[in-house]
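This report introduces the side-chain contacts and local features of one protein chain. It opens with the cysteines and then turns to charged, aromatic and surface residues.

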Amino acid sequence: MNTFGYAFRVTTWGESHGEAIGCVIDGCPAGLKLSEEDVQRELDRRKPGGIYSSKRKETDRVKILSGVFNGLTLGTPISMIIENVDVDSKPYEELKNIPRPGHADYTYLAKFGVRDWRGGGRASGRETAARVAAGAVAKKILEKYGIKIYGYAVEIGGIRCDLSGLTVEEAFEIAEKSPLRCPDKNAEKAIEEKLREVIKEGDSLGGIVEVIAKNVPAGLGEPVFNKLDAYLAYAVMGIPAVKGVEIGRGFEVSKLRGSENNDQIMLKDGKVRFASNNAGGVLGGISNGEDIILRVAIKPTPSISKLQRSVDLEKMKEVEISIKGRHDPCIVPRAVPVVEAMVAIVLVDCMILQGLIPRSFIKCH
């Protein structure tokens, strides 16, 4: 299950400390203007950098190997590669027989009987760079239809951002200038203080990412087993470190009355619209034309230097470990473009299935 999608299919490949990682996209329409710079912009948003990020210095330079000629997609598979240039596997050698708490070390071994212990192998968050590359292509397609996707952190370490008085676009603009992708300067200061304390303790923090897709047409998604909200949840739950998803007001709706939760229907400029958006842009599994709103819970980075218990599987005895290496004390800021990417891929896939996106953007004679 290394391939995602139905009509717009994305396969990712590679391991954290291998020679390279990458993706293959099948189903991208022909005639789309696409360059390595388009993809690089998104990768630069995800790559390490800053005091609250991993010290692993990956340039994440992308190279398009196929599917593009003279700046246009050909309708054939697009293959992209990102070389791993700053690999240091030594800190992992002493733990190759000891599964790290919070990681997939033990479960990969239970499933396959073998695993790449260097940096988590394929279970590493490094794999998400390939998703972002594919998401960049999806975003280019969505731009042709005026669909924009905005993401930012709304909570880190239990400290909530205040978004009142801000439009989605304003929140996004502020967040993009923040090392924590936080759209609230006051919350950012409090989070930074808490992060500094956590780093000193050899620990980490999690948080919540919010992503909003604007100008999504009504009618996307299937009515029963491939509902749009279910498909979105499936997509983002497949991102490493994601432990929960909510659409619209999510779990909060359990506290509301029907009269409070229902989005009443109205006419605006001769079009059917909704007076509120508690549903997050999806009704009955199908988009209703309002903004798609989802929030994603990101767990604290499991690689911490604080002492933890585990088992030496070779000696079959309990041990205490302190994880060394270069790790993010908080993965939330770098998770934002990854969540955006998966949302973009889902929307493009649904639009192709709905017949809204042609196989070629060039008129054939």
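Why is the sulfur of Cys-330 not in a bond with the closest cysteine sulfur, in Cys-182? The two sulfur atoms are 11 Å apart, which is too far for a bond. The model discussed here is a predicted one.

**Cysteines**

A disulfide is a covalent bond between the sulfur atoms of two cysteines. The count of disulfides in this model is 0. Cys-182 is accordingly in no disulfide, and the nearest cysteine sulfur, that of Cys-161, lies 3.1 Å away. A disulfide requires the two sulfur atoms to be within 2.5 Å. As for their surroundings, Cys-182 is buried, with a relative accessible area of 0%, and Cys-330 is buried as well, with a relative accessible area of 2%.

**Salt bridges**

Side chains of opposite charge can pair when their charged atoms come close. The model contains 28 salt bridges. Three of them are set out in the table, each with the distance between nitrogen and oxygen.

| Salt bridge | N to O distance |
|---|---|
| Arg-126 and Asp-60 | 2.8 Å |
| Glu-176 and Arg-181 | 2.9 Å |
| Glu-188 and Lys-185 | 3.9 Å |

Arg-126 and Asp-60 meet through their side chains in a salt bridge, at 2.8 Å from N to O. This pair links distant parts of the chain, for its members are 66 residues apart. Arg-126 belongs to the loop between helix 3 (105–112) and helix 4 (128–143), while Asp-60 belongs to the loop between helix 1 (36–46) and strand 4 (62–66). Both residues of the pair, Arg-126 and Asp-60, are buried.

The salt bridge of Glu-176 and Arg-181 joins residues that are classed differently by exposure: Glu-176 counts as partly exposed at 29% relative accessibility, and Arg-181 counts as buried at 8%. Glu-176 and Arg-181 also take part in a network of salt bridges, together with Glu-42, Arg-45, Lys-139 and Glu-340.

How far apart in helix 6 are Glu-188 and Lys-185? They are 3 residues apart in this helix (residues 185–200), and therefore separated by about one helical turn. In their salt bridge, the closest N and O atoms are 3.9 Å apart. Glu-188 counts as buried, at 8% relative accessibility, whereas Lys-185 counts as partly exposed, at 44%.

**Aromatic rings**

The count of aromatic pairs is 5. Ring pairs join Phe-4, Tyr-6, Tyr-231 and Tyr-234 into a cluster. Aromatic rings also receive charged side chains. Lys-144 has its charged end over the ring of Phe-361, 4.7 Å from the ring centre. Lys-111 lies over the face of Phe-112, and here the distance to the ring centre is 5.8 Å.

**A nonpolar surface patch**

Which residues form a nonpolar patch on the surface? Ile-265, Leu-267 and Val-272 do so, and together they have about 340 Å² of accessible area. Of these, Leu-267 lies in strand 12 (residues 265–268). Leu-267 is exposed, with a relative accessible area of 65%.

**Backbone angles in two loops**

Two residues other than glycine are noted here for a positive phi. Asn-70 has a phi of about 55° although it is not a glycine. Its place is in the loop between strand 5 (68–69) and strand 6 (72–73). Asn-70 counts as exposed, at 68% relative accessibility. Met-316 likewise has a positive phi, near 50°, and is a residue other than glycine. Met-316 lies in the loop between strand 17 (308–312) and strand 18 (317–321). At 60% relative accessibility, Met-316 counts as exposed.

**A distance across the chain**

Is Ala-171 buried or exposed? With a relative accessibility of 1%, Ala-171 counts as buried. Ala-171 lies in helix 5 (residues 168–176). From Ala-171 to Val-236 the separation is 65 residues in sequence and 21 Å in space, taken from C-alpha to C-alpha.

Terms used. Residues are numbered from 1 along each chain as its sequence is written. This is a predicted model: local features need pLDDT of at least 70, side-chain atom pairs count only at pLDDT 80 or more; totals for chains, interfaces and linings use all residues. Side-chain values use heavy atoms; hydrogens and water are left out. Rings of Phe, Tyr and Trp (its six-membered ring) pair if their centres lie within 6.5 Å; planes under 30 degrees apart count as stacked, over 60 as edge-to-face and the rest as tilted. A charge sits over a ring if NZ of Lys or CZ of Arg is within 6 Å of the ring centre and within 35 degrees of the ring normal. Buried means under 20% relative accessible area, exposed over 50%, partly exposed in between (1.4 Å probe, protein chains only). Patches are made of residues with over 30% relative accessible area and no salt bridge: like charges are joined within 9 Å, nonpolar side chains (Val, Leu, Ile, Met, Phe, Trp, Tyr) within 5 Å. Accessible areas come from the Shrake-Rupley method with a 1.4 Å probe; for residues, only the protein chains shown count as cover. A salt bridge is a side-chain nitrogen of Lys or Arg within 4 Å of a carboxyl oxygen of Asp or Glu. Helices (H or I, at least four residues) and strands (E, at least two) are DSSP runs, numbered from the N terminus.
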